[in-house]
Protein chains: 2
Amino acid sequence: MTDKGILITFSGPSGSGKDTVLNELIKKRDDTKISISMTTREVREGEKDGVHYYFVDRDFFEKKISSDGMLEYAEYAGNLYGTPKEPVDEALKAGKVVILEIEVQGAEKIKQKYPDVVSVFLMPPSLRVLEERLRGRKTEDEETINHRLVIAREEIRKSSDYDYIVVNDTVENSVEKFSMIIDAERLKASRNKKIISEVINNV
Amino acid sequence: MTDKGILITFSGPSGSGKDTVLNELIKKRDDTKISISMTTREVREGEKDGVHYYFVDRDFFEKKISSDGMLEYAEYAGNLYGTPKEPVDEALKAGKVVILEIEVQGAEKIKQKYPDVVSVFLMPPSLRVLEERLRGRKTEDEETINHRLVIAREEIRKSSDYDYIVVNDTVENSVEKFSMIIDAERLKASRNKKIISEVINNV
């Protein structure tokens, strides 16, 4: 990983509003880029290869794993999901802020591999608000909603291991806070070794 | 030290513009407070007790040291200088951002005692600019200026140990960056344990 860009993991419970915040953020900042996951699952209606996922077969995915080409991966319901390394590394080299929308365990795995990563957790203002948002979707039954709330509670408990917590009261506030985190991270001494040597050498 | 406020050490070479940046910052943000140092040296013309320093006698200062009442202290040219703990702790409890303008060694001492401290280094855009600023003061002779530049180079080398580096191109930019660092630090998970437990407990 290069000094130049910043790798960010972005997590939060289902219904916390991650997609909305991310989409507004990348509209606002052209130095940001969302990392696209790779999966072996079937393409669903409306999904496009290279936009929602890179859709590949199991053989291709497993070769990526064995050639150390994945940042992280996991298997759910018989399908592989993961983050391919190459596009992330390229974007970082170009100075971009690469954002990985990823669940808590995946974020932990990446933190172990890349201690330089910045982890951001999107927190619902309360569990009540989260429940309202999940019910508002009207796509899930009672059991699924209750299951999601149990998982949400667990994820929120683990948010103390993240670097930053953004409470998603409004999308606008969350985007502004996320943007501020990026600007502040760009000022970290650990990301500015070049400036230090330039000033010392009176360039 | 409390969770609520943030303790910041602020360093930079002589002539980097620390005072100007700090004065503008505290005008802009009423959640910030500059920590006032304590010293045993004589009051100089124009200086006020409790504004520029707390002026005390050596006996008082030494009692503060032995009762663990100083955050850090050092002796220069026969005089003691240091940061009294009590006003810092009170301001932190009240949720304030307390800023200590302090040299590199003092900042290191505080970092060892309070790992939660945020350290900010004000970097001149170049050594040439720093030299011009020092000459512009017209208060120091050639030898003093050269001595200050040698020390500046050493301090800049140590800036890699700081959390953040703010390149002081203009006062306005530096104040904005400093302010952004404070806002981002307020979002750190380590400073938001209360929010986590509130959301989990559905307050």
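**Sheet, helix pair and two-fold contact in a predicted model**

In chain B, helix H3 (residues 85–93) lies across S5 and strand S6 (79–84), and the helix runs at about 20° to S6(B). The model described here is a predicted one, and this helix on its strands is a good place to begin a tour.

The strands beneath the helix lead to the sheet itself. Strands of a sheet pair through backbone hydrogen bonds, and the pairing may be parallel or antiparallel. In chain B, 4 strands make up an open sheet with mixed pairing, in the order S4-S3-S6-S5. The edges are taken by strand S4 (54–55) and strand S5 (70–76) of chain B; each has a single partner strand, so one side of each is left without a neighbour in the sheet. At the S4 edge, strand S3 (residues 38–39) of chain B is joined to S4(B) by 2 bridges, and these two strands run parallel. Here B:Thr39 stands opposite B:Phe55 in S4(B).

Further along chain B comes a pair of packed helices. Such a pair is described by the angle between the axes and the distance between them. For H5(B) and H6(B), the angle is about 145° and the axes are 10 Å apart. The crossing in which H5(B) passes H6(B) is right-handed. From H5(B), the residues B:Leu127, B:Leu130, B:Glu131, B:Leu134 and B:Arg135 meet B:Ile145, B:Arg148, B:Leu149 and B:Ala152 of H6(B). Sorted by class, this contact has 6 nonpolar and 3 charged residues, with no polar ones.

Both helices also take part in the meeting of the two chains. The contact draws 32 residues from chain B and 32 residues from chain A. On the chain B side, at least two residues each come from strand S8 (118–123), helix H5 (127–137), helix H6 (142–158), strand S9 (164–167), helix H7 (171–185) and helix H8 (193–200). The side of chain B that touches chain A has 19 nonpolar, 5 polar and 8 charged residues. Of the interface residues of chain B, 100% are also interface residues in chain A, so the copies meet through the same surface.

A turn of 180° with a shift of 0.0 Å along the axis lays chain B on chain A, with an RMSD of 0.0 Å. This is the relation of a two-fold axis.

Chain A, viewed as a whole, has 8 helices and 9 strands. Its radius of gyration is 18 Å, close to the 17 Å that the globule rule gives for 203 residues, so chain A is as compact as a globular protein of that length. Along the principal axes, the C-alpha atoms of chain A fill a box of roughly 65 × 45 × 30 Å.

Methods
Residues are numbered from 1 along each chain as its sequence is written. Chains are lettered from A and ligands numbered from 1 in the order in which they are written. This is a predicted model: local features need pLDDT of at least 70, side-chain atom pairs count only at pLDDT 80 or more; totals for chains, interfaces and linings use all residues. Copies are superposed by least squares on the C-alpha atoms of residues with pLDDT of at least 70 in both. Two residues are in contact if their C-beta atoms, placed from the backbone, lie within 7 Å. Ala, Val, Leu, Ile, Met, Phe, Trp, Tyr, Cys and Pro count as nonpolar, Asp, Glu, Lys and Arg as charged, and the others, Gly among them, as polar. Axes are lines fitted to C-alpha atoms, for helices over the stretch in contact, and angles run from 0 to 180 degrees between N-to-C directions. A crossing is left-handed if the near helix is turned anticlockwise from the far one by less than a right angle, and right-handed if clockwise. Two strands pair if DSSP finds at least two bridges between them. The radius of gyration is taken over C-alpha atoms; the globule rule is 2.2 Å times the number of residues to the power 0.38.
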